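This report walks through selected features of one protein model for a reader who has not met it before. The sequence and structure come next, followed by the description.

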Amino acid sequence: YHEAGHALLAWIVPGIDRLHKVTIIPRGRALGVTQLLPQEDRVSISESELHARLVFIMGGRAAEKLVFDEYSAGAENDLREATKIARKMVAHWGMSERLGPVAHRISEEHPFLGREIIQEHREFSEHTAQVIDEEVARILQDVVDRARKLLAENREKLDDHAGALEEREVLDMGEVTAL
């Protein structure tokens with residue numbers, strides 16, 4: 001259901017790259033993978049496209065909650081990636097009405113020195129750090145709510161995707177299109 005949630009949302013949420021393949025065969029540390037293919041080269045991405053991407057990323061976890069009424073540890077990488085994007089939206093790209101058009105960056109990275117050597121320096125207050133954290137949490141909760149709502153509205157399709165994945169283990173674009 002986790003990968004079926006990703007796959008279904010890739011098809012029904014506008015602004016997400018095209019679905020290429022979805023599999024429940026473990027790859028490395030991933031228990032399954034949903035691969036997207038960009039339709040064009042990009043040098044920038046809009047706020048609405050970022051929100052769509054976050055809905056897709058959180059779709060696996062939302063499907064788990066919808067179907068099993070609990071979460072699994074399988075969404076760890078999704079949570080890490082979604083949090084990273086939401087934090088950049090808020091702190092780097094000025095996409096928070098509450099904070100306004102300000103870049104709140106932590107000191108620049110030094111590629112030739114390890115992170116443990118560099119003492120991170122931020123150029124904003126503890127209060128601003130708290131507001132950033134609150135805004136990141138708000139964005140992520142909003143996209144999870146949207147993902148859960150869309151999956152609930154399309155529950156039959158979610159079940160069909162999950163059943164097909166259980167039966168075949170890998171679905172390509174044509175098979176997902178047919179579903």
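The side chains of Ser48 and Ser46 are joined by a polar contact of 3.2 Å. The model is a predicted one, and this contact is a convenient place to start reading it. Ser48 belongs to helix 2, which covers residues 47-68. With a relative accessible area of 55%, Ser48 is exposed, because the threshold for that class is over 50%. Its C-alpha atom is separated by 9.9 Å from that of Ile16, a residue 32 residues apart from Ser48 along the chain.

**The sheet**

How are the strands ordered in the open sheet? The sheet has 3 strands in the order 2-1-3, and their pairing is antiparallel. Strand 2 and strand 3 lie at the edges with a single partner strand each, so each has one side without a neighbour in the sheet. On average, neighbouring strands of this sheet are turned by 20 degrees against each other, with direction ignored.

Strand 1 (residues 18-23) is joined to strand 2 (residues 33-37) by 5 bridges. Strand 1 also pairs with strand 3 (residues 170-172), here over 3 bridges. Some residue pairs across these strands are listed below.

| Residue in strand 1 | Opposite residue | Strand of the opposite residue |
|---|---|---|
| Leu19 | Leu36 | strand 2 |
| Val22 | Thr34 | strand 2 |
| Lys21 | Asp172 | strand 3 |

Helix 5 packs on this sheet, where it touches strand 1 and strand 3. The direction of helix 5 makes about 120 degrees with that of strand 3.

**Helix 1 and its surroundings**

Helix 1 spans residues 2-12, and 9 of its 11 residues are buried, so the helix is largely enclosed by the rest of the structure. The buried residues include His2, Glu3, His6 and Leu8. Which elements do the buried residues of helix 1 pack against? They pack against strand 1, strand 2, helix 2, helix 3, helix 4 and helix 5 (155-168).

The packing with helix 4 can be described in more detail. Two packed helices are described by the angle between their axes and the distance between the axes. The axes of helix 1 and helix 4 come within 11 Å and cross at roughly 90 degrees. Helix 1 is therefore roughly perpendicular to helix 4. On the side of helix 1, Gly5, Leu8, Leu9 and Ile12 take part, and they meet Ala147, Leu150 and Leu151 in helix 4. By class, the residues of this contact are 6 nonpolar, 1 polar and no charged.

**A buried loop residue**

Is His104 buried or exposed? His104 counts as buried because its relative accessibility is 12%, and the limit for that class is under 20%. The residue sits in the loop between helix 3 (76-92) and helix 4 (126-153). Leaving aside neighbours within four places in sequence, His104 is in contact with Ala91, His92, Leu99, Phe124, Thr128 and Ile132.

Conventions
Residues are numbered from 1 along each chain as its sequence is written. This is a predicted model: local features need pLDDT of at least 70, side-chain atom pairs count only at pLDDT 80 or more; totals for chains, interfaces and linings use all residues. Side-chain values use heavy atoms; hydrogens and water are left out. Two strands pair if DSSP finds at least two bridges between them. Helices (H or I, at least four residues) and strands (E, at least two) are DSSP runs, numbered from the N terminus. Buried means under 20% relative accessible area, exposed over 50%, partly exposed in between (1.4 Å probe, protein chains only). Contact means heavy atoms within 4.5 Å. A polar contact is a pair of N or O atoms within 3.5 Å; within protein, one must be able to donate a hydrogen and the other to accept it, and residues adjacent in sequence count only if both atoms are side-chain atoms. Axes are lines fitted to C-alpha atoms, for helices over the stretch in contact, and angles run from 0 to 180 degrees between N-to-C directions. Angles under 35 degrees count as roughly parallel, over 145 as roughly antiparallel, 65 to 115 as roughly perpendicular and the rest as oblique. Ala, Val, Leu, Ile, Met, Phe, Trp, Tyr, Cys and Pro count as nonpolar, Asp, Glu, Lys and Arg as charged, and the others, Gly among them, as polar.
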